[in-house]
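Here are my notes for you, set out as numbered points. Please have the model open beside them as you read.

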Amino acid sequence: MKKTLRAGIYAGTFDPVHSGHIAFALQALKAAGLDKVYFLPERRPRGKRQVEHFGHRAAMLGSALEPHPQLEVLELEDTNFSVNRTLPRLRKHFPGAELAFLFGSDVARGLADWSGAERLLKDAEIIIGIRSRDRRDDVRRAVEAWPVGPKSVLIFDSPAPDVSSGIVREALRRGGQAPGLLTSVERYSGHHWLYVSIG
């Protein structure tokens with residue numbers, strides 16, 4: 001009998017990807033018993049005006065995931081993650097799979113306000129990594145207030161709660177080091193002169 005694929009979906013800007021993203025995905029992979037985690041970079045993220053070109057962000061993501069065979073980049077034509085558009089595409093891409101969605105606690109707190117949130121919560125597992133500014137109890141209360149109880153929810157402390165893309169971008173702009181900066185990202189961004197005009 002063929003085993004049902006358990007796929008994690010990790011959507012985000014990844015501008016750029018950092019070690020915290022990788023560590024969270026690996027932790028979710030193990031804790032939730034996933035077969036793979038697919039990073040889904042958004043082409044035009046909502047609420048973010050200045051982001052690096054999608055092609056560069058996807059390329060850096062691909063290089064960063066190379067050492068981890070259970071992590072992979074998934075590109076969809078959607079400009080950003082939308083439950084009503086993206087979830088059906090994912091269902092078509094992974095027929096019969098069990099889907100689990102990875103979110104940082106900063107994103108998870110506002111999940112109930114998304115268009116189609118109830119559909120997502122009924123349809124999939126939710127995995128939440130606690131960021132440094134959030135407390136587990138507050139996140140738990142936010143989850144309990146969701147309009148629909150998720151199929152399953154797993155909450156754990158992020159392995160690198162203080163690492164952020166903003167800190168990494170600033171380090172790249174200054175030509176210095178920062179927690180979470182990946183060697184592959186430093187090399188790629190230097191070669192393509194990325195982030196040098198930020199700040």
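1. Which residues in helix 3 (residues 83-93) are buried? Keep in mind that this is a predicted model. The buried residues of helix 3 are Val-83, Thr-86, Leu-87 and Leu-90. Looking down the axis of helix 3, you will find them within an arc of 100°, so they line one face of the helix. The spacing fits a general rule: an α-helix has 3.6 residues a turn, so residues three or four places apart point the same way.

2. What do those buried residues pack against? Their partners are strand 1 (6-12), strand 2 (36-41), strand 4 (98-104) and helix 5 (117-123). Three strands in that list bring us to the sheet.

3. The sheet is open and is built from 6 strands, with parallel pairing and the order 3-2-1-4-5-6. Strand 3 (71-73) and strand 6 (152-157) are its edge strands, each pairing on one side only. On average, neighbouring strands are turned by 25° against each other, direction ignored.

4. At one edge, strand 3 pairs with strand 2 in the parallel sense over 3 bridges. If you want a place to zoom in, try Val-37, whose bridge partner in strand 3 is Leu-71. Helix 2 (residues 54-65) packs on the sheet here, where it touches strand 2 and strand 3. The direction of helix 2 makes about 160° with that of strand 3.

5. Now for the other edge strand, strand 6. Helix 6 (residues 136-144) lies across strand 5 (125-130) and strand 6. Its direction runs at about 165° to strand 6.

6. You will probably want to look at the pockets too. The largest pocket has a volume of about 1,200 Å³. It is lined by 43 residues, and the closest to its centre are Thr-13, Lys-48, Asp-106, Val-107 and Arg-131. Elements giving two or more residues to this lining are strand 1, helix 1 (19-31), helix 3, strand 4, helix 4 (105-108) and helix 7 (165-174).

7. How many cavities of 30 Å³ or more does a search of the whole structure find? The search finds 1. The largest cavity holds about 60 Å³ of space. Lining this cavity are Leu-40, Pro-41, Glu-42, Leu-76, Asp-78, Asn-80, Phe-81 and Thr-86. Thr-86 will be familiar from point 1, as one of the buried residues of helix 3.

Note on methods: Residues numbered from 1 in each chain as written. Predicted model: local features only at pLDDT ≥ 70, side-chain atom pairs only at ≥ 80, totals over all residues. Heavy atoms only, no water. Buried < 20%, exposed > 50% of the residue type's maximum accessible area, 1.4 Å probe, protein only. Helix = DSSP H or I, 4+ residues; strand = E, 2+ residues; numbered from the N terminus. Arc of directions from axis to C-beta. Contact = heavy atoms within 4.5 Å. Pairing = 2+ DSSP bridges. Axes fitted to C-alpha atoms, helices over the stretch in contact; angles between N-to-C directions. 1 Å grid on protein atoms, 1.4 Å probe; cavity = no way out; pocket = protein on both sides within 12 Å on 5 of 7 lines; lining within 4 Å. Points joined across faces, edges and corners; volume = space filled by probe spheres on them.
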